[in-house]
Amino acid sequence: MALAVEATDDERPDGWYSYPLVGEHRQVEVRLARAVGGDELMVAVKGALTPELEVQADTLLAAFAAG
């Protein structure tokens, strides 16, 4: 994922990396992009989170925060 995020741009609608999180009954989309001119990683979560998907999203965000 780190290599995919390298080429992203948060100012372009098509410049985001998309990652699906799939639960038993639902799916959400996590979108990641580097902030132009900064070191920040922008994150957007689209869809309704179930408790299972919320844990997956938290784990994904924690992995990026530690890196």
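**Exercise 1.** Which side chain meets Arg12 in a salt bridge at 3.2 Å, N to O?

*Before you start:* this is a predicted model, where local features need pLDDT of at least 70, side-chain atom pairs count only at pLDDT 80 or more, and totals for chains, interfaces and linings use all residues. Residues are numbered from 1 along each chain as its sequence is written, and side-chain values use heavy atoms, with hydrogens and water left out.

*Solution.*
- Step 1: know what to look for, namely a side-chain nitrogen of Lys or Arg within 4 Å of a carboxyl oxygen of Asp or Glu.
- Step 2: the partner you want is Asp14.
- Step 3: Arg12 also forms a salt bridge with Asp9, the closest N and O atoms being 4.0 Å apart.
- Step 4: put them together, and you get Asp9, Arg12 and Asp14 linked in a network.

**Exercise 2.** Work out whether Asp9 is buried or exposed, and do likewise for Asp14.

*Solution.*
- Step 1: get the cut-offs straight: buried is under 20% relative accessible area, exposed is over 50%, and partly exposed lies in between (1.4 Å probe, protein chains only).
- Step 2: Asp9 has 19%, so it's buried.
- Step 3: Asp14 has 61%, so it's exposed.

**Exercise 3.** Find the salt-bridge partner of Arg34 and say where each residue sits.

*Solution.*
- Step 1: the partner is Glu6, with the closest N and O atoms 3.2 Å apart.
- Step 2: Arg34 lies in strand β2 and Glu6 in helix α1 (residues 2-6), 28 residues apart. Helices (H or I, at least four residues) and strands (E, at least two) are DSSP runs, numbered from the N terminus.
- Step 3: Arg34 is partly exposed at 32%, while Glu6 is exposed at 51%.
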